[in-house]
Amino acid sequence: MTMQSAAPRSKRILMVGAPGAGKGTQADAIAKQFGITHIASGDLLRKHIADGTTIGKTVEDIVNKGELVPDAVIMDMLRKPVMAASDTGGYVLDGFPRTVEQAEAAYRTAGNLGVGVQIAVHLEVPEEELIRRLLARARGADDTEDVIRHRIKVYEEKTRPLLEYYASRELLLQVNGARPVAEVTWSIIVQLQRAFKQPKTHVSAVRQATADKAVA
Ligand code: AP5
């Protein structure tokens, strides 16, 4: 590849959480706070579906059933926006990676170019609250109760293992997402500001301290 590595001070953040945990809501606030780009894999997929593109036609049925879209489609779709955002201040990624396999693939390509994730933020929210929020939103075919429950099951099986993955490689921030939106935002921003001030060598210690503190 001939792409350049990221601007040295770019901020690269990843949101992890179950459907309805508030990843999109909080990613918007984080992006505004730090002047970086919010990249949401689900929003990009829904745009492809609405526009009737080849990708959209390939993924529509999968998204409506709450299954995961094949890794190759996701990687192709995200490569350009992630590289562009890394060169212009950084990104907050919402909805990707969804599996350890996606994280490893991203690490192999993005990590080598210096555009890999620096900090993962985990939003924890109880299942009944997730279902309540998504039924109230009713975004489309994937916000019906059966599909919501299936999406949560897919999250538990395929995505939750990412927490261990990031805890062992990057800084993982644990946040209680079952509070009012502004309170969750404040908690995330305070923790991110603190984390960005830490020299790289202190990352493991901070990660451990964060884990010890449990859910902030
Ligand atoms: P995606 O769009 O990523 O859906 P999701 O992960 O299920 O997330 P949601 O958008 O439903 O929830 P969120 O956590 O972002 O919460 P939000 O802020 O919106 O993916 C959709 C589909 O695309 C997947 O099922 C899959 O098929 C496919 N896909 C996407 N990425 C993929 C990948 N990498 N690999 C394979 N397939 C992929 O908030 C939800 C609601 O709650 C809103 O109404 C909001 O106002 C409200 N809310 C938020 N915070 C609070 C709060 N603190 N208190 C009260 N209400 C709140």
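A pocket is an open set of points on a 1 Å grid over the protein atoms alone, with protein on both sides within 12 Å along at least five of seven lines. A molecule sits in a pocket if more than half of its atoms lie within 2 Å of the grid points of that pocket. In this structure, the ligand takes up the space of the largest pocket.

The model is predicted: local features need pLDDT of at least 70, side-chain atom pairs count only at pLDDT 80 or more, and totals for chains, interfaces and linings use all residues. Residues are numbered from 1 along each chain as its sequence is written, and side-chain values use heavy atoms, with hydrogens and water left out.

The ligand is surrounded by 30 residues (one heavy atom within 4 Å). Among them, Thr25, Ser41, Glu67, Arg151 and Arg179 come nearest. Three polar contacts (pairs of N or O atoms within 3.5 Å) are listed here.

| Residue | Protein atom | Ligand atom | Distance |
|---|---|---|---|
| Thr25 | side-chain N or O | oxygen | 2.5 Å |
| Arg98 | polar side-chain atom | oxygen | 2.9 Å |
| Arg179 | backbone N or O | nitrogen | 2.8 Å |

The protein buries 87% of the 1000 Å² that the ligand exposes when taken alone (Shrake-Rupley method, 1.4 Å probe).

Helix H2 (41-51), a DSSP run of at least four residues, gives the shell around the ligand its largest share, four residues. H2 also gives the most to the lining of the largest pocket, with five residues. That lining (residues with an atom within 4 Å of a point) holds 41 residues, and Pro19, Lys23, Arg98, Arg139 and Arg151 lie nearest the pocket centre.

Conventions
A polar contact is a pair of N or O atoms within 3.5 Å; within protein, one must be able to donate a hydrogen and the other to accept it, and residues adjacent in sequence count only if both atoms are side-chain atoms. On a 1 Å grid over the protein atoms alone, a cavity is a set of points where a 1.4 Å probe fits but cannot get out, and a pocket is an open set with protein on both sides within 12 Å along at least five of seven lines; lining residues have an atom within 4 Å of a point. Helices (H or I, at least four residues) and strands (E, at least two) are DSSP runs, numbered from the N terminus.
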